[in-house]
Amino acid sequence: MVRGKTQMRRIENATSRQVTFSKRRNGLLKKAFELSVLCDAEVALIIFSPRGKLYEFGSSSMKEIIERYQKHAKDVRANNPSAEQNMQQLKQETASMVKKIELLEASKRKLLGEGLVSCTVEELQQLERQLERSVNCIRARKEKVLEAENDKLLEKCGAEPPQTSKENTEIVPCTESSEVSDVETGLFIGPPERRNKLVLKN
């Protein structure tokens, strides 16, 4: 008869739990002994029962094996400090990123008009300037796109595209420090002669 798979959880029945502990403890001690003999390995095994009783096995002196382990662990930590340093650095970077995300979320909410009650006058003025720069940047880009479309239409009509000076076509890059003035986006589609007449009339 095939035994069912044992579920890895605490055995609730105290008698069954004690029987299982005794069987598995003896099996573990036997495996530790076999490993030390067959493979010429130094093995130390320490077990505390649920009632606090100690069971141990050492292929040689238990004290010498524990001292050897402690010395080895100390040498590893001394020779490889980078792992702990990397962990500390990662923790610091994570905390910094979390703080930056919180600041960006707060800035985003303010730009959407939320949470402005707690803002100072200076913060509101800074938000206003930031919005104005963004609007001017969008206008400048839109003008560039419209001019390109206008030139294409003029070419299809067989007319020469108007010669615009570099001064008029240059777009100021969108940066936090740049101040862009309002750009008029009204464009005329048609031959240059008609456009010049309309300008003179205006």
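Start by selecting R68: in this predicted model, R68 is exposed, at a relative accessible area of 55%. Now add E42, which makes a salt bridge with R68, with the closest N and O atoms 2.0 Å apart. E42 sits in the loop between α1 and β1 while R68 belongs to helix α2 (residues 62-79), so this pair ties together parts 26 residues apart in sequence. E42 itself is partly exposed, at 43%.

Stay on helix α2 and pick D75 and K71, whose side chains meet in a salt bridge (3.3 Å, N to O). These two are 4 residues apart in the helix, or about one helical turn. K71 counts as exposed at 54%, and D75 as partly exposed at 33%.

Next, jump to R10 and E12 for another salt bridge, 3.4 Å from N to O. R10 is exposed at 55%, and E12 is exposed too, at 61%. A search of the whole structure gives 3 salt bridges.

Time for some rings. Select F33 and F57: they form an edge-to-face aromatic pair, 6.3 Å centre to centre with 85° between the planes. F33 is in helix α1 (residues 14-39) and F57 in strand β2 (residues 54-58), so the contact links parts 24 residues apart in sequence. F57 is buried at 16% relative accessibility, whereas F33 is partly exposed at 46%.

Then show R25 and Y55: the charged end of R25 sits over the Y55 ring, 4.2 Å from its centre.

Last stop: turn on the surface and colour I46, F48, L54 and I66, which make a nonpolar patch of about 370 Å². I46 lies in strand β1 (residues 44-48) and is partly exposed, at 44%.

How values were computed
Residues are numbered from 1 along each chain as its sequence is written. This is a predicted model: local features need pLDDT of at least 70, side-chain atom pairs count only at pLDDT 80 or more; totals for chains, interfaces and linings use all residues. Side-chain values use heavy atoms; hydrogens and water are left out. Rings of Phe, Tyr and Trp (its six-membered ring) pair if their centres lie within 6.5 Å; planes under 30 degrees apart count as stacked, over 60 as edge-to-face and the rest as tilted. Buried means under 20% relative accessible area, exposed over 50%, partly exposed in between (1.4 Å probe, protein chains only). A charge sits over a ring if NZ of Lys or CZ of Arg is within 6 Å of the ring centre and within 35 degrees of the ring normal. Patches are made of residues with over 30% relative accessible area and no salt bridge: like charges are joined within 9 Å, nonpolar side chains (Val, Leu, Ile, Met, Phe, Trp, Tyr) within 5 Å. Accessible areas come from the Shrake-Rupley method with a 1.4 Å probe; for residues, only the protein chains shown count as cover. A salt bridge is a side-chain nitrogen of Lys or Arg within 4 Å of a carboxyl oxygen of Asp or Glu.
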